[in-house]
Amino acid sequence: MADAAGALAGVNGDFFNISSTHPGIPATGAAVGPAVAAGEDLKTAVPDAQRFGPALPPTTSTRDVLGVGVNGKARLAELDIAGTVSRGEDVFDIEGYNTYALAENGIAVFTSEWGSANRVRATCGSDTSRKAPCSDETEEVVVRDGIVIGEHDRPGEGPIAEDTVVLVGREDGADELERFDPGDRVRVKYRLVPAEGPPLSFAVGGFPIARDGADLPGLDAKALAPRTAAGVSADGRTVWLVVVDGRSDDSVGMTVAELAELVRSFGATDVINLDGGGSSTMVLREHGAGSVTVVNDPSDGRPRAVANGVGVFPRR
């Protein structure tokens, strides 16, 4: 991933849909939280109960991200979606975007950035359980250049063309989409909006473990594992990317509480926990090298395919 993007260094990013408990519906590999790259919104968060990873500390959610604002300053932020799909006087809210899990009664929009993974998974689980059955009240509407060109009772899979968006609804959201017919002209609008501060040009999901120089309450202090984290200075001008090895003879890993303390010791005031375990990986491009090298010891014995990452690039 780092080589393809031309990064000098990088670490793995967000937790992701790595496994599936719904028969016949494979894992999508999609990240849990929001993502923004090069100023382009890529996806929204899944409901809290549908996430993968350690338990969320109180006051945090799947909408939390490590971000870099359009002002060039890094910060921890919260990203949500503001979007609608409309036809004439009918206007319905959009609750998800390129996400593997959609809130009950919601509508999600999928674009070419989603890739070819199945869209059925978005209608599985519930607002309280990742393992809840898939909804039997679903609808999919295909829109090309603002015109409805198809509708289906069950979401599909396969690549989506650049000029096309696919709308998926469950329960009440499915009822709303059933009002659309082929040939209808519709308007789909959506964007990711931070809870406060300037818009973000980069964002990757995780969960905060320290804010304003203090650890958050409720951090796990027992489970030892490989960890990946990012810390941000008070002025937003410095970011620390940290990987801690574990599950080996050389290192047992750290608890989440120990990780927060470690990254704060470097000077960070805010810290976010990224995906750990077998995902924890750091790469570095040595001076003059044509490709990056893995510089830690991934606990799987080799780098794991992950949903996204955080790259370090030359200043332009």
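Here is a short conversation about the predicted model shown above.

Visitor: Before we start, what kind of model is this, and from where are residues numbered?
Guide: Local features need pLDDT of at least 70 and side-chain atom pairs count only at pLDDT 80 or more, while totals for chains, interfaces and linings use all residues, as this is a predicted model. Side-chain values use heavy atoms, with hydrogens and water left out, and residues are numbered along each chain as its sequence is written, from 1.

Visitor: How many helices and strands does the chain have?
Guide: Both kinds of element are DSSP runs numbered from the N terminus, with at least four residues for a helix (H or I) and at least two for a strand (E). Counted this way, the chain has 3 helices and 21 strands.

Visitor: What radius of gyration does the chain have?
Guide: The radius is taken over C-alpha atoms, and the globule rule is 2.2 Å times the number of residues to the power 0.38. For 316 residues, that rule puts a compact globule near 20 Å, and the chain agrees because its own value is 20 Å.

Visitor: Is Pro-208 buried or exposed?
Guide: Pro-208 sits in strand E14, residues 207-211. Buried means under 20% relative accessible area, exposed over 50%, and partly exposed in between (1.4 Å probe, protein chains only). Pro-208 has 1% relative accessibility, so it counts as buried.

Visitor: Which residues does Pro-208 touch?
Guide: A contact means heavy atoms within 4.5 Å, and residues up to four places away in sequence are not counted here. The list for Pro-208 is Pro-57, Thr-60, Asp-64, Leu-76, Leu-216, Val-271 and Ile-272.

Visitor: What distance separates the C-alpha atoms of Pro-208 and Val-65?
Guide: Along the chain, these two are 143 residues apart. In space, their C-alpha atoms are separated by 8.0 Å.

Visitor: And what separates the C-alpha atoms of Ala-38 and Val-141?
Guide: Ala-38 lies in the loop between strand E2 (35-37) and strand E3 (40-43), and its relative accessible area of 83% is why it counts as exposed. Ala-38 and Val-141 are 103 residues apart along the chain, with their C-alpha atoms separated by 29 Å.

Visitor: What is the volume of the largest cavity?
Guide: On a 1 Å grid over the protein atoms alone, a cavity is a set of points where a 1.4 Å probe fits but cannot get out; a pocket is an open set with protein on both sides within 12 Å along at least five of seven lines, and lining residues have an atom within 4 Å of a point. Points are joined across faces, edges and corners, and a volume is the space filled by probe spheres set on them. The whole structure holds 1 cavity of 30 Å³ or more, and the largest cavity has a volume of about 50 Å³.

Visitor: Which residues of the second largest pocket lie nearest its centre?
Guide: This pocket has a volume of about 290 Å³, and 17 residues line it. Those nearest its centre are Phe-15, Gly-53, Asp-275, Gly-276 and Gly-277.

Visitor: What is the phi of Arg-247 near?
Guide: Arg-247 is in the loop between strand E17 (239-244) and helix H3 (256-265). Its relative accessible area is 55%, so Arg-247 is exposed. Its phi is positive, in a residue other than glycine, and is near 55 degrees.
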